[in-house]
Amino acid sequence: HQLHQELPYSLSVESEHWEERDDGSVRIDQTIYVQRESQKAIVVGKGGHQIRTIGADAREELEALLERRVHLFLHVKVKEDWPERRSLYSDFGLDYDS
């Protein structure tokens, strides 16, 4: 939602790790894939401001959905070929050829 105007179809988010914690909370590690370094700069923002805003909003939404505390860790990586990776689409339940 934060980057819809700048990067509507240029990024993908993949959940890398999910860990149930003893206190009832959950730790989630996610990687945001972009195609170019310039897009990574947009996602991270000046001084990391944009990625912190994205993380705070996502954490709030996840906590409401899961009804528990969420520890969310976001990582941004450049992967030029991510839109052509058929496995990403099937992981999301989508048909690459559609």
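This report walks through the fold, the salt bridges and a few individual residues of a predicted model.

## Overall layout

Start with the big picture. The protein has 3 helices and 3 strands, and reading along the sequence gives the pattern β-β-α-α-β-α. Of the 98 residues in the protein, 30% are buried.

Several of these elements come up again below. Strand β1 covers residues 11–20, and strand β2 takes in residues 26–34. Helix α2 runs over residues 49–66, while β3 spans 70–78 and α3 spans 86–91.

## Salt bridges

Side chains of opposite charge can pair when their charged atoms come close. Here the count comes to 3 salt bridges. One of them joins the side chains of E20 and R68, at 2.5 Å from N to O. E20 sits in strand β1 and R68 in the loop between α2 and β3, so this pair ties together parts that are 48 residues apart in sequence. Both ends have some access to the surface: E20 is partly exposed at 47% relative accessibility, and R68 is partly exposed too, with a relative accessible area of 25%.

Next up is the bridge between D29 and R27, whose side chains meet at 2.8 Å, N to O. D29 is buried, because its relative accessible area of 8% falls under the 20% cut-off. R27, on the other hand, counts as partly exposed at 27%. Then there's R69 with E63, where the closest N and O atoms are 2.7 Å apart. R69 is partly exposed, with a relative accessible area of 47%, and E63 gets the partly exposed label as well, at 23%.

## Two buried residues

T31 is a good one to click on in strand β2. With a relative accessible area of just 2%, T31 is buried. The side chain of T31 also has a partner: a polar contact of 3.3 Å joins it to the side chain of E16.

Over in helix α2 you'll find I54. I54 is buried as well, with a relative accessible area of 15%. If you're looking at contacts between separate stretches of chain, check I54 against L74: the two are 20 residues apart in sequence, and their C-alpha atoms are 8.9 Å apart in space.

## An unusual backbone angle

E67 deserves a look if you care about backbone torsions. E67 has a positive phi of about 55°, although it isn't a glycine. The residue is found in the loop between α2 and β3, the loop that also holds R68 of the E20 salt bridge. E67 is out in the open: its relative accessible area is 72%, so it counts as exposed, the cut-off being over 50%.

## A negative patch

Finally, the surface charge. E37, E80, D81 and E84 form a negative surface patch. One of these residues, E80, is found in the loop between β3 and α3. E80 is exposed, with a relative accessible area of 63%.

Notes: Residues numbered from 1 in each chain as written. Predicted model: local features only at pLDDT ≥ 70, side-chain atom pairs only at ≥ 80, totals over all residues. Heavy atoms only, no water. Patch = residues over 30% accessible without salt bridge, like charges linked within 9 Å, V, L, I, M, F, W, Y side chains within 5 Å. Areas by Shrake-Rupley, 256 points an atom, 1.4 Å probe, with all protein chains shown as cover. Salt bridge = Lys/Arg side-chain N within 4 Å of Asp/Glu carboxyl O. Lys, Arg positive; Asp, Glu negative; His and termini not counted. Charge placed at Lys NZ, Arg CZ, Asp CG, Glu CD. Helix = DSSP H or I, 4+ residues; strand = E, 2+ residues; numbered from the N terminus. Buried < 20%, exposed > 50% of the residue type's maximum accessible area, 1.4 Å probe, protein only. Polar contact = N/O pair within 3.5 Å; in protein donor to acceptor, adjacent residues only side chain to side chain.
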